[in-house]
Amino acid sequence: MTELAALKEAVEACRRCHLRDGARNVVFGEGNPHARVMLIGEGPGRQEDLQGRPFVGAAGQLLDKIIAACGWQRSEVYIANIVKCRPPNNRVPTIQEAQTCMAWLDQQIRLIAPELIIALGSTAARHLINPNFRITRSRGHWFEYKGIPVMPTFHPAALLRDPSKKRPVWEDFKQVIAFLEQDEACSR
Ligand code: SF4
């Protein structure tokens with residue numbers, strides 16, 4: 001069993017916070033265990049909770065389109081969330097819930113060792129970058145989480161509510177593509 005598979009097993013048995021009480025499934029995350037890009041959202045919604053997979057509802061379908069537009073396969077990136085159990089009624093996870101669950105996320109990031117992280121939405125950006133992070137003001141700039149470059153952008157659910165956010169999100173993803181290309185050129 002790989003370390004990541006062992007971690008998944010441990011997380012699936014987790015009861016460290018009350019979110020597990022109302023959740024049907026623990027949504028560990030999925031994708032390439034050696035992904036160059038890790039996308040991190042807020043937490044599972046209804047569909048994700050039912051299926052036990054991240055980003056499979058309407059926002060997930062939009063994320064799939066963004067991933068395809070970047071020229072990637074969903075299976076080559078890694079997708080996870082700040083919390084792995086669905087908060088009741090999709091409320092924002094509390095600071096305590098997020099910090100408790102991020103102990104798992106930190107292990108996941110360490111094992112996957114991505115070249116960069118894309119923080120999807122303000123909750124992810126606040127926990128990965130700065131508690132006062134304002135997504136509208138500061139998205140599209142590079143930050144770091146434990147030495148890994150982080151690009152914060154709008155959550156796909158925000159794009160569903162406001163399609164005018166699609167253009168800035170695409171600009172942010174173009175920066176990610178350029179970063180990866182430059183990184184590849186440097187390692188040749
Ligand atoms: S949300 Fe995270 S910390 Fe809380 S029970 Fe689920 S896996 Fe454990």
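1. Shell around the ligand. Helix 5 gives the most residues to this shell, with 3. Helix 2 (19-22) and helix 5 each supply at least two of its residues. Note that the model is a predicted one. The shell has 14 residues, and C14, C17, R20, C85 and C101 are those that come nearest to the ligand. By type, the shell residues divide into 9 nonpolar, 1 polar and 4 charged.

2. Nonpolar core. In soluble globular proteins, nonpolar side chains tend to be buried together. Here the largest nonpolar core holds 45 residues. Those that touch the most other members are M38, L39, I40, I117, I118 and A119. Helix 5, which covers residues 95-112, gives the most to this core, with 6 residues. Helix 5 therefore deserves a look in both settings, as it gives the most to the core and also the most to the shell around the ligand.

3. Contacts of M38. Leaving aside residues up to four places away in sequence, M38 touches Y78, A80, I109, I112, P114 and I117. One of these, I117, is listed with M38 among the core residues that touch the most other members.

4. T153. This residue lies in strand 6. T153 counts as buried because 27 other C-beta atoms lie within 10 Å, and the cut-off for buried is 20 or more. Beyond residues up to four places away in sequence, T153 touches I118, L120, R139, G140, V169 and D172. For T153 and R139, which stand 14 residues apart along the chain, the C-alpha atoms are separated by 5.0 Å.

5. Backbone at F55. Most residues other than glycine have a negative phi. F55 departs from this, with a positive phi near 50°. The residue sits in the loop between helix 3 (46-51) and helix 4 (58-69). Is F55 buried or exposed? F55 counts as buried, because it has 29 C-beta neighbours inside 10 Å.

6. Backbone at K146. K146 is not a glycine either, and its phi is positive, at about 50°. Where is K146 found? The loop between strand 5 (143-145) and strand 6 (148-153) holds K146. K146 is exposed, because 10 other C-beta atoms lie within 10 Å, and a residue with 12 or fewer is classed as exposed. The two loop residues can be set side by side: F55 is buried, whereas K146 is exposed.

Definitions and conventions. Residues numbered from 1 in each chain as written. Predicted model: local features only at pLDDT ≥ 70, side-chain atom pairs only at ≥ 80, totals over all residues. Helix = DSSP H or I, 4+ residues; strand = E, 2+ residues; numbered from the N terminus. Core = buried A, V, L, I, M, F, W, Y, C linked by C-beta atoms within 7 Å. Contact = placed C-beta atoms within 7 Å. Near = placed C-beta within 6 Å. Nonpolar A, V, L, I, M, F, W, Y, C, P; charged D, E, K, R; others polar.
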